Amino acid sequence: MNFITIDKKDWAGGIDRSRKTYRVFGPVQDENGCQIKPLTPDLYPLMDAGVTVMSPKSVLFPQTEKMLTATLDASREDHHIMKPVEKDDTLRVVLGIRPYDARAILLVKLNFDNPDYQDPYWCDAYAATTFVGLGVNRPGPCDFSTSTGCGPFSEEGLDVLMADLDDRYLAKILTEKGETWAGACGFDTTADAAESQALFDILRKEAEKNITASVDTDQLSEKSILDLHEAPFWDDVAFSCINCGTCTYVCPTCWCFDIQDETKHKTAVRFRNWDSCMSPLFTHHASGHNPRESKVQRVRQRFMHKLKYFVDKYDQGIMCVGCGRCVASCPVNIDIREVCTIMNNHESK
Amino acid sequence: MENPYVPYPVRIDDIEVATEDKSLKTFTFVFQNPEDEEKFAYKAGQFAELSIPGVGEIPIGIASSPVEKGFVKFTVFRTGVVTSHLHNMKKGDIMGIRGPLGNWYPWEKLENKNVVIIGGGFAFTTLRSSIVYMLDPANRSRFKNIDVVYGARSPGMLLYREELFDWEKRDDINMHITVDGTDDPEWKYHKGFVPQVVENNAPVADEDTYAIVCGPPIMIKFTQPALTKLGYQEHQIIMSLENRMKCGIGMCGRCNIGKELVCKDGPVFTLEQINQTPKEY
Amino acid sequence: MDTCIEKIRAICADLLAKGEVQKVIGFAEGSIPMASRPIAVTSKDDVEKLVFNATCGLNLANYVSDALPKEGKIAVTAKGCDSRNLVTHMVENQVSRDRLYIIGVPCTGMVDKRKIAALFEDEITDFIEEGDTLTIVSAQKKEVVSKKDMLRHNCRMCTHRNPVVFDVMAAEPVAEQSLDQPFADVDQIAAMDPEARWAHFQELTKNCIRCYACRNACPLCYCPTCFVDESSPQWVGKGQDKTDINTFHFLRAFHCAGRCTDCGACVEACPMGINVRDFTRKLNKDALELFGWEAGLDMEKRPPLDVYSPDDPDDFIK
């Protein structure tokens, strides 16, 4: 793998050059802290911002996304025939994505790109996107990403991993996509590989030391689904929950969605929206029956999905990358780290 | 890349009121593009999303049989927004069908076996598909005895009545038709609930006998002990589950029972499998 | 305020030990700095879990209906605003007075967690509250500030810090605030020209992700099915269309008119920092000016939009 060094004085110029071929996404500040958003030509990514409230999953999986459309105008030959909407699958790059968020995209990929079905909306967006990560030098108190198979300098899912060295970025080019992006920016000052890797290792170790929170997940796969499902602790876990969708919407790995139809004049549109297992509507049958009618059933579903069903189904660890967003944003302080520990340590009677 | 969300365009070729209370109608669809019919190759037990542009989609079991060509049939209970809209549609209207989706009854495993079909109320659609499939001259010899227990509230609530009475007359299928009650003096079939009729009439299980059970939860609940009494093991009881679905292809996340997705890993499960998952259906 | 926690614990231990209540709803210490968590304590051995501090900004009235056992009583710790929402619950027949044991907690206000977070560029690692002094620490620095300066807006505007209904008080009542301009924020928005006002509300909701944390944290929002969740007919679209988002916020606010106690739970819960109170405060002001009404003070009266009076001054209703 080759390394390049990017003087911060050249950073904005490089981004500007890349705008000819890429739509650029990155962290920007608004009144609610930092968000990953498309950058208009006058905007540059706020690389040293903290963790964004919302994860970058929306770059590939917008909260509301048009899928199909049809005309309802009976005078048209193709009336009532649904067709995919035109999509913009030109190249895009996400700058300053955190390493755990890149791993999250790989976990989400397991759902949208599987041997039986490929979701073209997600898959095409994924294929068009380059992920330029920035190692997290100072992880925050909610970060437990070293327990989830990644960490502050994890490379998985990234095309480029950069390290912030005050006056410059040191960038490790991990894929061809990453190389193409660096080329488009005109970043071509190579750095010594061995030296650079050593520097990355030091930074990684320093950063990992700052992560004080951890969870054990080693026992989860051995537990029985039914034992965990019937375990006595769920009422306590769920008591404070108000059943809002915050945890699921801020989560980089939550992929569930709803499909809705709307009509405007003579056009029908089918689109999808993020959905949440916290909502009773999620599983409400038309008959009125609801298999997850109570709050505790829904809370249990969220944690069972992330920490047990996913573990069993994919053998890729838990469906959580340890970003801590749900911990920080939950209005009632339900902490997935505590729940994971309870589940991991649960002994059936 | 194939877009699994795009429905095949179909035309409503026929609409038939299926029950005396008019809450069920059977829709016959013809594919607008003949090549789509081939792509829609299905097996008995699968379902599809009926797709009405601007209104929505609804997962419905396929009631026609793979051996019936040139059309597909669905019997739909009017209950929510999409099904109510569908009930008001007319012959000739254009809409969409997406599928076939989900797994099917385990036809490979059922070869050279006795098959007992047990259905109640309007959960008889994929069972009709299965019966027509098994009775097809090309297939009948692949199965041993076929028994069918089917019950509804009243004679007028039985689906596919003409076919039922035709099958009744055949000697290669044992029909046990029942109604909860009727004051029709001409009624010559069973009276009573499905579980009781099963207990009294269904064959005792040996290792070559399988039961396929579809019906309302209350029927299923009481049919299970009847089957157990007759010696059916959990792996010999095959069921089809329903849950709220949207995508039908295992991506939108809502229809799971444990780690299984009813839309993709199901809807057909054995009781043995179901008993190993949380009962969230 | 931390002085009253020992009294709260003692009261709860006693109630649980004597079996007078089946559980106590209160707050527990959170797992991260500046957080607290609603909790149900069922054993006297667990009362040590209870805390009360300036981070207990949710409204516990939101929990009583669900937590109520089939028979018997539960206890709930109640700040001024929680107690007013308990009154509202009782007036609206959500819970009856004899099922509740209310432990009144005089309140000197809850902190604005966003305001405190904004003092730091990095994440807060420690938060210590001692009387009016808050010590807040991050990896980069330590700030010592006065709690008074960090209060939430609704707490600064609060004129009912003491519980209005209780079975026992956990401390002596605190002095109530008197305000020269109780609705300065509303007046400021009202003074805008229509375009600017519309722009203000468009800007206000632009980050809404429709998680419904505001609604679900609100003790008033107990409808079995909220209008946004109805599917037949479906009143509101489910996507991120501005019109649908605003429809939710506008209608929710109107549904709370004359019932809202300005407890601030909605704003506390919102992960996107939306000041939902910009909607509800206007209606609170109207309720006060048109009907002389403040919600949750009177056990005998139903909210003004809930009643018909023959001597109503408005013509349209006659």
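**Entry 1: chain B against chain A**

I began with the interface between two chains of this predicted model, and I found 37 residues of chain B in contact with 39 residues of chain A. On the chain B side, I noted that strand E4 (56-61) and strand E6 (94-101) of chain B are the elements that give two or more residues to the surface touching chain A. The largest share there comes from E6(B), with three residues. Sorting the residues on this side of chain B by character, I got 16 nonpolar, 14 polar and seven charged.

**Entry 2: the two domains of chain A**

I then looked up how chain A is divided, and the domain assignment gives domain 1 (3-209) and domain 2 (220-345). Taken over C-alpha atoms, the centres of domain 1 and domain 2 of chain A are separated by 25 Å, and the contact takes 36 residues from domain 1 of chain A and 30 residues from domain 2 of chain A. On the domain 1 side, strand E4 (64-71) and helix H2 (99-112) of chain A each supply at least two residues, and I noted that the largest share, nine residues, comes from H2(A). The residues of domain 1 of chain A that touch domain 2 of chain A divide into 18 nonpolar, 11 polar and seven charged.

**Entry 3: a helix crossing in chain A**

Still in chain A, I checked helix H1 (residues 8-18) against helix H4 (residues 176-185), and their axes come within 7 Å and cross at roughly 105 degrees. That angle makes H1(A) roughly perpendicular to H4(A). From H1(A), the residues Gly14(A), Ile15(A), Arg17(A) and Ser18(A) meet Trp181(A), Ala184(A) and Cys185(A) in H4(A). By character, I count the residues of this contact as four nonpolar, two polar and one charged.

**Entry 4: strand E11 of chain B**

Next I asked myself how many residues of strand E11 (residues 209-214) of chain B are buried. Six of the six are buried, so the strand is largely enclosed by the rest of the structure. I looked at the two faces separately: Thr209(B), Ala211(B) and Val213(B) are buried on one side of E11(B), and Tyr210(B), Ile212(B) and Cys214(B) are buried on the other, which leaves both faces covered. This listing by faces follows a general pattern, in that the side chains of a regular strand alternate between the two faces of the sheet.

I then followed the pairing of this strand. Strand E7 (residues 114-120) of chain B and E11(B) pair in the parallel sense over six bridges, and in this pairing Gly119(B) stands opposite Cys214(B) in E11(B). E11(B) also pairs in the parallel sense with E12(B), over three bridges, where I found Met239(B) in E12(B) as the bridge partner of Val213(B).

**Entry 5: a glycine in a loop of chain B**

I moved on to Gly231(B), which lies in the loop between helix H7 (217-229) and strand E12 (237-240) of chain B. Is this residue, Gly231(B), buried, exposed or partly exposed? Gly231(B) is partly exposed, with 13 other C-beta atoms within 10 Å. Leaving aside its neighbours within four places in sequence, I found Gly231(B) in contact with Val204(B) and Ala205(B). I also looked up Gly54(B), 177 residues away from Gly231(B) along the chain, and the C-alpha atoms of the two are separated by 50 Å.

**Entry 6: the two domains of chain C**

For chain C, the domain assignment gives domain 1 (1-109 + 157-178) and domain 2 (180-318), and I read a distance of 25 Å between their C-alpha centres. The contact joins 17 residues of domain 1 of chain C to 18 residues of domain 2 of chain C. Helix H2 (61-67) and helix H3 (80-91) of chain C each supply at least two residues of the domain 1 side, and H3(C) gives the most, with eight residues. The residues on this side of domain 1 of chain C divide into eight nonpolar, eight polar and one charged.

**Entry 7: an open sheet in chain C**

Last, I looked at a sheet in chain C, where three strands form an open arrangement in the order E6-E7-E8 with antiparallel pairing. The edge strands, each pairing on one side only, are strand E6 (124-130) and strand E8 (142-146) of chain C, and the twist averages 15 degrees from one strand to the next. E6(C) and strand E7 (residues 133-138) of chain C pair in the antiparallel sense over six bridges, and Leu134(C) in E7(C) is the bridge partner of Glu129(C).

Technical notes:
Residues are numbered from 1 along each chain as its sequence is written. Chains are lettered from A and ligands numbered from 1 in the order in which they are written. This is a predicted model: local features need pLDDT of at least 70, side-chain atom pairs count only at pLDDT 80 or more; totals for chains, interfaces and linings use all residues. Two residues are in contact if their C-beta atoms, placed from the backbone, lie within 7 Å. Helices (H or I, at least four residues) and strands (E, at least two) are DSSP runs, numbered from the N terminus. Ala, Val, Leu, Ile, Met, Phe, Trp, Tyr, Cys and Pro count as nonpolar, Asp, Glu, Lys and Arg as charged, and the others, Gly among them, as polar. Axes are lines fitted to C-alpha atoms, for helices over the stretch in contact, and angles run from 0 to 180 degrees between N-to-C directions. Angles under 35 degrees count as roughly parallel, over 145 as roughly antiparallel, 65 to 115 as roughly perpendicular and the rest as oblique. Domain bounds come from an automatic or database domain assignment. Two strands pair if DSSP finds at least two bridges between them. A residue is buried if 20 or more other C-beta atoms lie within 10 Å of its own, exposed if 12 or fewer, and partly exposed in between; C-beta atoms are placed from the backbone.
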